[in-house]
Amino acid sequence: LDSMFIFTEKKRLVRIFTITPLSLGLVGFIILRNPLGAVIGVALGLISPPIIIKNMAMNRRNKFANQLVDALMLLVGALKAGMSLNQALEVLVEEMPAPINDEFALVVRENKMGVDLGDCLIHLKQRMPVEDLDLINTAIGIVRDTGGDLTDVLEKLVFTIREKKKLSDRVRALTIQGRLQGYIMMILPIAFSIFIYTVNPHNFQIMLEDKLGQM
C-alpha cells in the first residue's frame, strides 16, 4: 500500500484482515447451514484482501502505462521550450495527474538528494514494472552518456509506444472471447458445486463420506 502512496494505520489493516474472514465465515455458515460453509467463507476472507491489493496495484500500473505517452509529449514540449531534463520532469510532476506524477515526484526528490538520474529512473522501473519504461530509461541514458537530441529521441519514442499500444489493443480484442471462455470454465465447477450442495446436499455426502466418493 505504501508503494501505491496509500498510507493507512497498521491497526486498521489488522482489523480488516481479522474482520473479513470472520464475517465471510459467518455468511458462509448461514447460507450453507454447515461448518463447510464457514470454512469456505473464512478461506475467502483470508485470500480476498491480498487479491484486492494486487488488483489495485495492477490497475495503478495500467493507468501509469496509459499516461506515459502524454507524459513524454509534455517532456518534449518542455525541452523544446529550452528547459533542462530535470526542469521538464518538475513540469511533468506539476501538470500530470496521479499516479504518474507521484512516481516522477519521487524521481525528482531522489535526484535532488544526490542520486544520479539514471539510478532514479532504474528505481522507478523497479516500482513500476512497465515495459515502455525500459525504452525511456535506455533512450535517456544513451543521450546523457553519448550526447544527441533528446527531444527528437523522445518524439520517436512517443510514436513507437503509440504503435505498440495499438497492436496490443488489437491482440486483446481478438483474444477476448477465448479469455472469457477460460474465466467461465474456471468459475463453472465451483458455482455448480455450490448450487448442487444447496439444492441436494445428499450428492455431496456421497462424495465426502463414501470411500469411493472420496477416491
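Phe5 is partly exposed in this predicted model, with a relative accessible area of 26%. The residue is found in the segment before helix H1, which covers residues 10-32. Its backbone also deserves a look: phi of Phe5 is near 60°, a positive value in a residue other than glycine. Partly exposed is the right label because 26% lies between the cut-offs of 20% for buried and 50% for exposed.

**Overall build**

The protein has 10 helices and 0 strands. Read along the sequence, the pattern is therefore α-α-α-α-α-α-α-α-α-α. How does the radius of gyration relate to that of a compact globule of 215 residues? The globule would have a radius near 17 Å, but the protein has 25 Å. Along its principal axes, the C-alpha trace spans about 75 × 45 × 30 Å.

Of the 215 residues, 27% count as buried. The accessible surface comes to about 14,600 Å², and carbon and sulfur atoms make up 64% of that surface. Among contacts with a separation of 6 or more, 54% are between residues 24 or more positions apart. As for charge, there are 24 positive and 22 negative side chains, and the centres of the two sets lie 8 Å apart.

**Helix H4 and its two ends**

Pro99 sits in the loop between helix H3 (85-95) and helix H4 (100-112). The peptide bond that leads from Ala98 to Pro99 is cis, with omega near 5°.

H4 itself has 13 residues. From its first C-alpha to its last it reaches 18 Å, close to the 18 Å expected at 1.5 Å a residue. Which residues of H4 are buried? They are Ile100, Asn101, Glu103, Phe104, Ala105, Val107, Val108 and Glu110. These buried residues pack against helix H2 (35-80), H3 and helix H5 (117-127). After H4 comes Gly114, whose phi is positive, near 110°.

**Two buried residues in other helices**

Leu72 is found in helix H2. Its relative accessible area is 2%, so Leu72 is buried. What does Leu72 touch, leaving aside its neighbours within four places in sequence? Leu72 is in contact with Ile136, Leu154, Leu157, Val158 and Ile161. One of these partners, Val158, is 86 residues from Leu72 in sequence, yet the two are 6.6 Å apart in space, C-alpha to C-alpha.

Asn137 has its place in helix H6, residues 131-146. Is Asn137 buried or exposed? Asn137 counts as buried because its relative accessibility is 16%, and the cut-off for buried is under 20%. Not counting residues up to four places away in sequence, Asn137 touches Leu121, Ile122 and Lys125.

The table sets out the accessibility of the three residues described one by one.

| Residue | Relative accessible area | Class |
|---|---|---|
| Phe5 | 26% | partly exposed |
| Leu72 | 2% | buried |
| Asn137 | 16% | buried |

**Summary**

The model consists of 10 helices and 0 strands, and its radius of gyration is 25 Å, where a compact globule of 215 residues would have one near 17 Å. H4 follows the loop that holds Pro99, and its buried residues pack against H2, H3 and H5. Leu72 in H2 is in contact with residues that include Ile136 and Val158. Asn137 in H6 touches Leu121, Ile122 and Lys125.

Notes: Residues numbered from 1 in each chain as written. Predicted model: local features only at pLDDT ≥ 70, side-chain atom pairs only at ≥ 80, totals over all residues. Heavy atoms only, no water. Helix = DSSP H or I, 4+ residues; strand = E, 2+ residues; numbered from the N terminus. Rg over C-alpha atoms; globule rule 2.2 N^0.38 Å. Buried < 20%, exposed > 50% of the residue type's maximum accessible area, 1.4 Å probe, protein only. Contact = heavy atoms within 4.5 Å. Areas by Shrake-Rupley, 256 points an atom, 1.4 Å probe, with all protein chains shown as cover. Lys, Arg positive; Asp, Glu negative; His and termini not counted. Charge placed at Lys NZ, Arg CZ, Asp CG, Glu CD. Expected span 1.5 Å × (residues − 1).
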